[in-house]
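Okay, everyone, thanks for coming. I've got one structure to walk through today, so let me put it up on the screen.

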Amino acid sequence: MTGQTATPGGAPAPTIGIGQRDRRWAATRRFCGAPGLGALVVAGVRGRESFETYLSNESLQGVVVFPQLGEPVYLSWSAFWIIGRSDPDNDCAYWIEDIRAGLLGPLVVKALRELGLERSRIGVVGVASRNPMELEGCVPCTVWQHVISELAGCEFVEVSAPYSLLMMEKDEQELALARHCAAVGEQACRAMLEVTRSGCLESDIYAEVLSTIYRAGLTVTAPALIVKSGRDRLSWGPPEWGVAAVPPRRIAEHDLVYAELMPSYGGIETQQEMTVAVGGPGPPGPPAGRGGPGPPPRRGWRCCAPG
């Protein structure tokens with residue numbers, strides 16, 4: 001690879017290779033064999049869980065058609081990602097050779113027909129996955145309507161839940177990825193602790209946490225980072241600012257600042273939750289609100305980080 005990220009302790013970050021691919025593919029073929037599935041159609045598309053990554057070691061917002069016998073086919077809506085495989089300075093080792101771009105519905109139909117599976121029992125992952133933030137699945141209606149109308153001879157079986165349990169079975173290599181991801185998450189929590197003080201903006205906290213994660217060579221899964229602040233906050237979700245045309249909230253003395261972090265490394269996500277009490281407990285003054293110069297930064301704050 002052209003670069004190398006490091007663990008918080010300075011050692012090279014853990015990686016996975018073809019051996020991990022072979023382990024996952026063998027487990028998937030065993031999964032298909034028991035209920036007599038001719039193939040799995042594993043959708044990542046724009047879903048939070050990105051199921052495709054488990055089989056492809058990539059995330060192209062696409063679909064992997066994985067036959068019980070034969071080689072898998074990777075389908076994406078974007079040709080630009082596929083072209084990137086041929087960039088002169090790209091030395092990545094890709095897991096799936098057969099990769100195609102176009103409309104996902106027709107591509108799935110074509111791949112299953114080429115595999116001779118147009119009258120087979122096919123497992124599907126992502127149509128009714130019911131994961132957090134995807135309670136009604138992540139596959140677009142038009143994609144799936146095209147597949148079932150063109151392949152009326154197939155019996156499609158929704159297997160998102162049992163396949164998710166298979167994906168949760170981690171070996172030592174994958175556990176090393178998880179530990180690295182969690183360690184970087186702890187670094188990001190420390191960065192939040194350092195930046196959070198009376199007078200700073202929610203956006204200052206957001207930027208510091210995410211920059212720590214990204215500098216370590218990790219990414220984040222949706223909704224990326226939750227930051228809420230105030231004295232009586234019950235809500236959860238991404239900040240209002242940025243989407244709505246409102247300024248970020250300014251942190252006030254005696255505020256509680258809540259955060260939920262979702263770093264991801266090698267397709268494995270860890271989560272950290274952080275609460276910072278600014279200035280310690282005390283009688284609340286008027287709320288800081290949004291915008292304005294705010295009070296000067298205060299150094300004598302304390303924090304707590306449950307969990």
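So, first up, the helix pair H1 and H6: the way they cross is right-handed. Before I go on, please keep in mind that this is a predicted model. Helix H1 covers residues 18-33 and helix H6 covers residues 160-167, and their axes come within 11 Å with a crossing of roughly 150°. Who's touching whom? On the H1 side you've got Ala27, Thr28 and Phe31, and they meet Pro162, Tyr163 and Leu166 on the H6 side. If you sort that contact by class, you get five nonpolar residues, one polar and no charged ones.

Let me zoom out for a second. The protein has 307 residues, and 48% of them are buried. By secondary structure, there are eight helices and 10 strands. And if you take the contacts between residues at least 6 apart in sequence, 68% of those join residues at least 24 apart.

Now, the sheet. Six of the strands make an open sheet, and reading across, the order is E4-E3-E2-E1-E5-E6, with mixed pairing. The edge positions go to strand E4, residues 99-101, and strand E6, residues 155-158; each has a single partner strand, so one side of each has no neighbour in the sheet. Going from one strand to the next, the twist averages 20°.

Quick reminder for anyone who hasn't looked at sheets in a while: strands pair through backbone hydrogen bonds, and that can be parallel or antiparallel.

Let's sit on E2 for a bit. How many of the residues in strand E2 are buried? Five of its five, across residues 63-67, so you can call that strand mostly covered. Val63, Val65 and Pro67 point one way, Val64 and Phe66 point the other way, and all of them are buried.

And who are E2's neighbours? On one side there's strand E1, residues 39-43, which pairs with E2 in the antiparallel sense over five bridges. In that pairing, Leu40 stands opposite Phe66. Then there's strand E3, residues 73-76, also running antiparallel to E2 and joined to it by three bridges. There, Val63 stands opposite Leu75. E2 and E3 form a hairpin with five residues between them, and if you look in the turn, Gly70 has a positive phi of about 110°.

Carry on from E3 to E4 and the direction is parallel, with three bridges between the two strands. Leu75 turns up again here, with Arg100 as its bridge partner in E4.

Okay, back to helices. Helix H4 is residues 104-114 and helix H5 is residues 141-150; these two pack at about 35°, and their axes are 8 Å apart. The H4 and H5 crossing is right-handed. From H4, the contact uses Leu104, Gly105, Pro106, Val108, Val109 and Arg113, and from H5 it uses Val143, His146, Val147 and Glu150. By class, that H4 with H5 contact comes out as six nonpolar, two polar and two charged residues.

Right after that pair, have a look at Leu151, which sits in the loop between H5 and E6. Is Leu151 buried or exposed? It's buried, because its relative accessibility is 2% and the cut-off for buried is under 20%. Leaving out residues up to four places away in sequence, Leu151 touches Val109, Leu112, Arg113, Glu118 and Phe156. Take Leu112 out of that group: the two are 39 residues apart in sequence, yet 8.9 Å apart in space, C-alpha to C-alpha.

One more residue with a similar story to tell, and that's Thr221. You'll find Thr221 in strand E7, residues 219-230. Its relative accessible area is 14%, so Thr221 counts as buried. Setting aside residues up to four places away in sequence, it touches Arg48, Met262, Ser264 and Glu269.

Last thing, for those of you who like to ask about cysteines. How many disulfides does the structure hold? Zero. Two cysteines to point out: Cys138 is buried, because its relative accessible area is 16%, while Cys141 counts as exposed, because its relative accessibility is 53%.

That's my tour. Happy to rotate the model if anybody wants another look.

Notes
Residues numbered from 1 in each chain as written. Predicted model: local features only at pLDDT ≥ 70, side-chain atom pairs only at ≥ 80, totals over all residues. Heavy atoms only, no water. Disulfide = S-S within 2.5 Å. Buried < 20%, exposed > 50% of the residue type's maximum accessible area, 1.4 Å probe, protein only. Axes fitted to C-alpha atoms, helices over the stretch in contact; angles between N-to-C directions. Helix = DSSP H or I, 4+ residues; strand = E, 2+ residues; numbered from the N terminus. Left-handed = near helix turned anticlockwise from the far one by under 90°. Contact = heavy atoms within 4.5 Å. Nonpolar A, V, L, I, M, F, W, Y, C, P; charged D, E, K, R; others polar. Pairing = 2+ DSSP bridges.
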